[in-house]
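Biologist: Could you show me the model and explain how the labels on it are earned?

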Amino acid sequence: MEVNCEGCAGCCIDWRPLADAPGDREHRGARPALDDTYNLVPLTREDVRAFVGAGYGDALTPRLWTPAPGDDRVTVDGHELAAIGDRPVFFVGLRKPPKPVAPFDGDARWLPSCAFLDPETLQCRIHETDLYPTECGDYPGHNLALDAETECERVEDAFGGERLVGGEPPADAGVLLGPQALGEKVFCYPDPDELTGAVERLRAGELTRAERARFVGVAAASAPGTAAIAPEKRETYEERAAGADSWVGQAAAEWANRREEGEAGGDDAEPGLAGAIEGARGAPPTPGWDDV
């Protein structure tokens, strides 16, 4: 497996506004996602714990789904949610605040982008660190192992170029599907009544810090292969996530303000602001492509 990521970041941004005929696989099919985020990367339980432990609980956000025919389901805020028994199922991913990015050799645009993406270099700020998510490290190996279309190929179809350079899946491309994902990558929220109001805010992209932290606590306290939750762990991780104040959360708020000001005043998106908005708040630097 070999990929050419320079100038791309197709996995890390929502590039649908740039495409003439954008796909939307996450929001169609049997179980469409309830939110509108594109390419939300599912984190493992250990990933979630590591991010919270590193002070990045404010970088995490949940995903819920609409049930397929025959699924268990619960209704919250007037929306049916896919469930196991009476517990809504979800996973946790990395937030995608708006950032000024210029992928695929195009002009800079405000696009939802991974919280850890450097909008200037289009490189991941935590690549090759212990925090780099398992799913990101394995991608697109899982897709290749399942003979499914990769994001590299979608970008090639939409914008040309060669992104997927070598299409052989790695021998160790472990794929968590079905029951083995429960408690590892897919989690069960124990009390749907706690989600009243939060489900509608999730659909609108307006979850509060406390609401995101509730899901983080449940995911971090889950047990592999079951819907069981360790109450003390849940409380600990939820409190730590709710209290996180990292450069990610601070920058996400600033990026959102800058986008609103730019749209109101007609100012151009400027990736070079990354240093002032993310770097000055403590974001790790990226090497640039000459050193890769």
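Modeller: What follows is a chat about labels and the values behind them.

Modeller: This is a predicted model, where local features need pLDDT of at least 70 and side-chain atom pairs count only at pLDDT 80 or more, while totals for chains, interfaces and linings use all residues. Residues are numbered from 1 along each chain as its sequence is written, and side-chain values use heavy atoms, with hydrogens and water left out.

Biologist: Why is phenylalanine 91 called buried?

Modeller: Buried means under 20% relative accessible area, exposed means over 50%, and partly exposed is in between, using a 1.4 Å probe and protein chains only. Phenylalanine 91 comes in at 8% relative accessibility, so it counts as buried.

Biologist: Where is phenylalanine 91, and what is it in contact with, leaving aside neighbours within four places in sequence?

Modeller: Phenylalanine 91 sits in strand β5, residues 87-94. Helices (H or I, at least four residues) and strands (E, at least two) are DSSP runs, numbered from the N terminus. Contact means heavy atoms within 4.5 Å. With those sequence neighbours left aside, the contacts of phenylalanine 91 include Leu40, Pro62, Trp65 and Phe187.

Biologist: What makes arginine 16 and aspartate 14 a salt bridge?

Modeller: A salt bridge needs a side-chain nitrogen of Lys or Arg within 4 Å of a carboxyl oxygen of Asp or Glu. For arginine 16 and aspartate 14, the N to O value is 2.7 Å, so the pair fits the rule. Both arginine 16 and aspartate 14 are buried. The structure holds 18 salt bridges.

Biologist: How do you know that glutamate 278 and lysine 99 tie together parts that are apart in sequence?

Modeller: Their closest N and O atoms are 2.7 Å apart, in a salt bridge. Glutamate 278 lies in the segment after α9 (274-277) and lysine 99 in strand β6 (residues 98-101), so the pair ties together parts 179 residues apart in sequence.

Biologist: Which arginine also meets glutamate 278 in a salt bridge?

Modeller: Arginine 125 does, at 2.9 Å from N to O. Arginine 125 lies in the loop between β9 (123-124) and α2 (134-138), and glutamate 278 in the segment after α9, so this pair ties together parts 153 residues apart in sequence. Arginine 125 is buried, with a relative accessible area of 7%, and glutamate 278 counts as buried at 0% relative accessibility. Elsewhere, salt bridges that share partners join Arg45, Glu46, Arg49 and Glu184 into one network.

Biologist: Why are α1 and α7 called oblique to each other?

Modeller: Axes are lines fitted to C-alpha atoms, for helices over the stretch in contact, and angles run from 0 to 180 degrees between N-to-C directions. Angles under 35 degrees count as roughly parallel, over 145 as roughly antiparallel, 65 to 115 as roughly perpendicular, and the rest as oblique. Helix α1 (residues 45-53) and helix α7 (residues 231-242) pack at about 50 degrees, with axes 9 Å apart. That is why α1 and α7 are oblique to each other. The contact is made by Arg49, Val52 and Gly53 of α1 with Lys233, Tyr237, Arg240 and Ala241 of α7.

Biologist: What makes that contact three nonpolar, one polar and three charged?

Modeller: Ala, Val, Leu, Ile, Met, Phe, Trp, Tyr, Cys and Pro count as nonpolar, Asp, Glu, Lys and Arg as charged, and the others, Gly among them, as polar. Sorting the contact of α1 with α7 that way gives three nonpolar, one polar and three charged residues.

Biologist: How does helix α6 pack with α7?

Modeller: Helix α6 (residues 209-220) and α7 pack at about 145 degrees, with their axes 7 Å apart. By class, their contact has seven nonpolar, one polar and four charged residues.

Biologist: What is special about phi at phenylalanine 104 and leucine 122?

Modeller: Most residues other than glycine have a negative phi, and most peptide bonds are trans. Phi of phenylalanine 104 is near 60 degrees, a positive value in a residue other than glycine. Leucine 122 has a positive phi near 60 degrees too. Phenylalanine 104 counts as buried at 12% relative accessibility, and leucine 122 counts as buried at 8%.

Biologist: Which residues does the cis peptide bond join?

Modeller: It joins tyrosine 139 and proline 140, with omega about 0 degrees. Proline 140 lies in the loop between α2 and α3 (141-145).
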